[in-house]
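Biologist: Could you take me through this model, starting with the fold and ending with the charged pairs? Please spell out your cut-offs as you go.

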Amino acid sequence: MIKERIEALRSLMRSKHIDAYYIPSDDFHSSENVCSHFQCRQYISGFTGSAGSVIITQQDAVLWTDGRYFIQAEQQLADTGIRLFRSGQIEVPTILQYLQNTLINEQVLGFDGRTVNAEFTEKLQQFGIKFDANLDLVGEIWKDRPPLPCKKVYILHNNYTGKSAKHKLYELRKKCTTYNADVYLTTSLDEIAWLLNLRGGDIEYNPVFLAYCIIEKDTVQLFANQKCFSVEVQNYLRQLRIQLNEYNEIYTYLRSLHDKTIIIDKSAANHTIITAAQKNTLLNDNFIQNSKAIKNEVEIENEKIAHIKDGIAITEFIYWLKTTTNEVTELSAAKKLEEFRNKQNHYLGQSFYPIIAYGKHGAIIHYAATTESNTILNHDNFVLIDTGGHYYEGTTDITRTIILGTASAEQKKHYTSVLKANIALSRAIFREGYKGFELDCLARENLWKLGLDYNHGTGHGVGYLLNVHEEPISFSKRKGGCVFKPGMIASNEPGLYLENKYGIRLENLMFCKKYKNTEFGHFLCFEILTLCPFDLDAIDPTMLNNQEKDFLNRYHKKVLHTLSPFVHKKTAAWLQHATQEIL
């Protein structure tokens with residue numbers, strides 16, 4: 001089927017005089033996850049990972065993806081005729097390098113400019129690559145393409161957000177004044193939801209809605225499907241002087257603006273948006289992203305509540321998994337965990353597709369069980385459990401790797417090494433001004449000493465009842481990200497993956513806070529939000545030094561004290577054993 005789709009696309013390319021066609025993973029908003037309507041790359045390639053790009057020519061077909069998906073992509077691209085390019089590996093060309101080497105003699109690249117960000121097209125122009133950005137060719141061959149979604153939009157009230165939309169708009173306009181800007185344009189769905197204190201459900205696992213937003217001095221123009229907005233929400237918008245327009249009218253509105261100074265994030269805005277706004281002066285900045293990353297006191301306190309609820313659910317689940325005598329599979333385990341979460345008050349749904357990966361499946365970093373791959377959880381290996389939830393009180397993301405049966409010496413060595421990595425970053429104390437890539441090695445060092453490593457970042461930012469992956473926060477080997485500031489929430493998730501054997505990942509969420517101020521500067525540290533025991537059955541205590549033992553014991557004591565009053569009696573008795581002190 002994939003081969004037939006590629007041939008149909010090539011036929012259409014010939015009729016349009018297009019020599020190469022570019023298919024990214026993006027929707028119109030550079031979202032990490034996209035609704036089914038925008039899954040063009042998956043449709044044409046069969047690869048289901050969240051990150052990847054495809055280029056089709058008459059003689060070649062190539063997919064780029066990152067280290068999280070190398071194993072998965074290799075399996076899913078088998079027999080499709082699509083070559084896998086492992087991004088970041090030695091001698092693997094970038095997309096731009098490939099296009100430079102492939103397109104000759106004025107040949108033309110085609111793509112849908114609404115799904116390609118403006119920074120990419122600027123680079124194409126710099127490299128002298130000719131392109132046509134008005135072609136949705138996959139849409140033309142995709143006969144049963146799903147329509148755009150329209151889920152109900154709802155208000156998230158101030159007792160959860162800690163700050164009203166009116167106040168956020170005031171602060172944003174105040175910042176625009178310092179730039180002498182007339183307009184602020186945001187195309188990022190989580191930014192719009194955060195700014196207006198609204199949430200939706202147009203993208204699975206992300207409580208956002210399809211929209212664009214233009215903030216002017218006295219009014220706000222919101223472009224979205226009006227059918228998604230109840231009378232209550234429309235009244236709310238009117239009180240904020242927000243004009244609701246149809247989703248696709250954004251391009252006409254931008255073309256009507258003349259001689260305005262517009263602030264926009266070009267890394268998120270698509271090519272068609274930037275083209276429509278080119279009669280104006282465009283300033284590249286992103287106030288909202290940076291403001292959203294710093295949670296206020298109300299949000300932090302709510303997140304603590306959300307993590308108690310989530311800790312109850314995941315702890316009940318681990319106890320059940322350790323003690324059940326029934327046959328359990330990856331899919332049935334995920335269903336059971338969702339049952340435990342559903343019992344928690346204000347639970348709204350999963351924050352991403354649950355990863356329950358047994359044995360060798362755990363080595364596939366973003367494994368997603370299917371009816372074909374679904375396997376029984378036998379009592380002789382690790383099961384990696386990476387899941388999360390949305391609550392009115394915030395968003396959670398937790399990974400625990402559990403040994404079923406008795407861990408071997410090698411398994412204990414590997415598990416404890418990952419645990420040491422997690423503890424090292426958790427204990428970090430650092431001077432204000434440091435970015436995540438400068439702290440990333442604190443975690444990796446414990447694995448590097450054994451000649452081991454993992455092919456993903458150590459952590460990411462997390463939104464408040466928003467995207468579970470939130471920029472600009474990250475812990476990564478790659479330079480970038482932002483300076484850590486008090487109130488920022490990030491994951492801490494080192495791992496180890498042995499192909500065809502098992503995977504181990506241990507993840508907590510933590511928030512940055514003040515440590516102390518001295519004559520040498522302001523110092524920061526982290527406080528853990530996640531509450532759930534690590535698996536003592538997989539730990540080799542001899543590998544832990546006294547500081548690590550003390551940290552683990554104090555953390556487990558907090559887990560026991562916080563969760564015991566809320567879990568079932570049998571679970572509480574097990575938790576007492578699961579958090580016992582390591583000497």
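Modeller: Helices (H or I, at least four residues) and strands (E, at least two) are DSSP runs, numbered from the N terminus. This is a predicted model, where local features need pLDDT of at least 70, side-chain atom pairs count only at pLDDT 80 or more, and totals for chains, interfaces and linings use all residues. Residues are numbered from 1 along each chain as its sequence is written, and side-chain values use heavy atoms, with hydrogens and water left out.

Biologist: Good. In which helix does Lys420 lie?

Modeller: Let's place Lys420 by what it touches, contact meaning heavy atoms within 4.5 Å. Setting aside neighbours within four places in sequence, Lys420 is in contact with Asn446, Met543, Leu544 and Glu548. The helix that holds Lys420 covers residues 409-426, and that is α16.

Biologist: And is Lys420 buried or exposed?

Modeller: Buried means under 20% relative accessible area, exposed over 50%, and partly exposed in between (1.4 Å probe, protein chains only). Lys420 has 12% relative accessibility, so Lys420 counts as buried.

Biologist: How many helices and strands does the protein chain have?

Modeller: The C-alpha trace spans about 70 × 55 × 50 Å along its principal axes. Into that go 19 helices and 28 strands.

Biologist: What share of the 583 residues in the protein chain is buried?

Modeller: Start with the contacts: of those with a separation of 6 or more, 67% are between residues 24 or more positions apart. As for burial, buried residues make up 58% of the 583.

Biologist: Which residues of α9 are buried?

Modeller: Helix α9 covers residues 189-196, and 8 of its 8 residues are buried, so the helix is largely enclosed by the rest of the structure. Just after α9 comes Asn197, with a positive phi near 55 degrees. The buried residues of α9 are Leu189, Asp190, Glu191, Ile192, Ala193, Trp194, Leu195 and Leu196.

Biologist: Now the charges. How many salt bridges are there?

Modeller: A salt bridge here is a side-chain nitrogen of Lys or Arg within 4 Å of a carboxyl oxygen of Asp or Glu. By that rule the count is 30.

Biologist: How far apart are the closest N and O atoms of Lys295 and Glu470?

Modeller: Both Lys295 and Glu470 are buried. Together with Asp190 and Lys292, they are linked in a network of salt bridges. In the Lys295–Glu470 salt bridge, the closest N and O atoms are 2.6 Å apart. The pair links distant parts of the chain, with Lys295 in the loop between α13 (287-293) and α14 (297-323) and Glu470 in strand β23 (residues 470-475), a separation of 175 residues.

Biologist: How many residues apart in sequence are the parts that Lys322 and Asp535 tie together?

Modeller: Lys322 forms a salt bridge with Asp535, their closest N and O atoms being 2.9 Å apart. Lys322 is in helix α14 and Asp535 is in the loop between β28 (521-528) and α18 (546-563), so the pair ties together parts whose separation in sequence is 213 residues.

Biologist: Which residue forms a salt bridge with Lys336?

Modeller: Look within helix α15 (residues 330-342), where the two partners are 3 residues apart and therefore separated by about one helical turn. Lys336 counts as partly exposed because its relative accessibility is 24%, and its partner counts as partly exposed at 37%. With the closest N and O atoms 3.5 Å apart, that partner is Glu339.
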